[in-house]
Amino acid sequence: RNMVKTVNVKVWQINSNGQKTASTISLTVNSALADTVTKVFDEIYQNDLQFPIKSASGYYYRTTANGSRLSEHAYGTAIDINPDENYCVYSADNIVGNCYEPYQNPYSLTPEIINIFRKYNFSWGGSFGDYMHFSYFGT
């Protein structure tokens with residue numbers, strides 16, 4: 001059995017005229033979480049906010065930032081959303097992404113979206129400065 005599976009999920013995106021339009025993206029995630037991830041994104045899509053997702057990534061074989069162990073992305077149990085607008089602050093001089101401005105930047109995650117992930121037992125990386133990151137095992 002494959003450890004990862006690619007799922008297609010509906011998302012809102014912002015077109016060149018600034019209007020929200022329905023689209024679909026593909027995410028590769030842990031096979032055991034594929035149905036859960038689909039439910040998370042269905043709920044985000046159906047939410048009144050019509051939260052736009054420019055990009056999202058799941059499975060990616062890599063270590064954690066400090067290289068001490070495999071990242072949850074290597075197991076397909078973590079998802080990053082709109083990494084440019086939900087930065088990761090490793091230190092004052094090591095930041096990935098450009099901003100985190102909920103309710104100002106339309107792509108920055110808001111509590112409504114974070115709570116949808118939490119409902120399905122994902123932890124949000126904002127507590128340790130990784131605002132784009134959701135993980136099933138909290139790392």
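This passage describes the strands, helices, salt bridges and selected loop residues of a predicted model.

The description begins with the strands at the start of the chain. Strand 1, which covers residues 4-14, pairs with strand 2, which covers residues 20-30, and the two run in the antiparallel sense over eleven bridges. One of the residue pairs in this arrangement joins Q13 to T21, the latter lying in strand 2. The two strands form a hairpin in which five residues stand between them, and within the turn G18 has a positive phi of about 80 degrees.

A further group of strands makes up an open sheet, in which four strands follow one another in the order 3-4-8-7 with antiparallel pairing. Strand 3 and strand 7 (123-124) are found at the edges of this sheet, and because each of them has a single partner strand, one side of each is left without a neighbour in the sheet. At one of these edges, strand 7 is paired with strand 8, residues 133-135, in the antiparallel sense and over two bridges. Within this pairing, S123 has S135 of strand 8 as its bridge partner.

The helices can be considered next. Two packed helices are described by the angle between their axes and by the distance between those axes. For helix 1 and helix 2, the angle is about 150 degrees and the axes are 9 Å apart. Since angles over 145 degrees count as roughly antiparallel, helix 1 is described as roughly antiparallel to helix 2. The crossing of the two helices is right-handed. On the side of helix 1 the contact is made by V40, F41, E43 and I44, while on the side of helix 2 it is made by I113, I116, F117 and K119.

Two of the residues named in this contact also take part in a charged pair. Side chains of opposite charge can pair when their charged atoms come close. The structure holds two salt bridges, and one of them joins the side chains of E43 and K119, with a distance of 3.1 Å from N to O. This pair links distant parts of the chain, given that E43 belongs to helix 1 (residues 34-46) and K119 to helix 2 (residues 111-119), with their positions 76 residues apart in sequence. E43 is partly exposed, having a relative accessible area of 24%, whereas K119, at 53% relative accessibility, counts as exposed.

The other salt bridge is formed by K54 and E85, whose closest N and O atoms are 2.6 Å apart. K54 lies in the loop between helix 1 and strand 3 (56-57), and E85 lies in the loop between strand 4 (78-81) and strand 5 (86-91), so the pair ties together parts of the chain that are 31 residues apart in sequence. With a relative accessible area of 43%, K54 is partly exposed. E85, by contrast, has a relative accessible area of 6% and is buried, because a residue counts as buried when this value is under 20%.

The loop between strand 4 and strand 5 also holds N82. This residue counts as buried, at 0% relative accessibility. When residues up to four places away in sequence are not counted, N82 touches F51, P52, I53, K54, S55 and Y107; among these is K54, which forms the salt bridge with E85.

The backbone of N82 can be set beside that of another asparagine. Most residues other than glycine have a negative phi. N82, although it is not a glycine, has a positive phi of about 45 degrees, and N121, which is likewise not a glycine, has a positive phi of about 70 degrees. N121 is found in the loop between helix 2 and strand 7. At 53% relative accessibility, N121 counts as exposed, whereas N82 counts as buried.

A last loop residue to be described is T63, which lies between strand 3 and strand 4. T63 counts as partly exposed, with a relative accessibility of 37%. Its contacts, again not counting residues up to four places away in sequence, are with R69, L70 and S71. T63 and H73 are ten residues apart in sequence, and the distance in space between their C-alpha atoms is 8.4 Å.

Technical notes:
Residues are numbered from 1 along each chain as its sequence is written. Side-chain values use heavy atoms; hydrogens and water are left out. A salt bridge is a side-chain nitrogen of Lys or Arg within 4 Å of a carboxyl oxygen of Asp or Glu. Buried means under 20% relative accessible area, exposed over 50%, partly exposed in between (1.4 Å probe, protein chains only). Two strands pair if DSSP finds at least two bridges between them. Axes are lines fitted to C-alpha atoms, for helices over the stretch in contact, and angles run from 0 to 180 degrees between N-to-C directions. Angles under 35 degrees count as roughly parallel, over 145 as roughly antiparallel, 65 to 115 as roughly perpendicular and the rest as oblique. A crossing is left-handed if the near helix is turned anticlockwise from the far one by less than a right angle, and right-handed if clockwise. Contact means heavy atoms within 4.5 Å.
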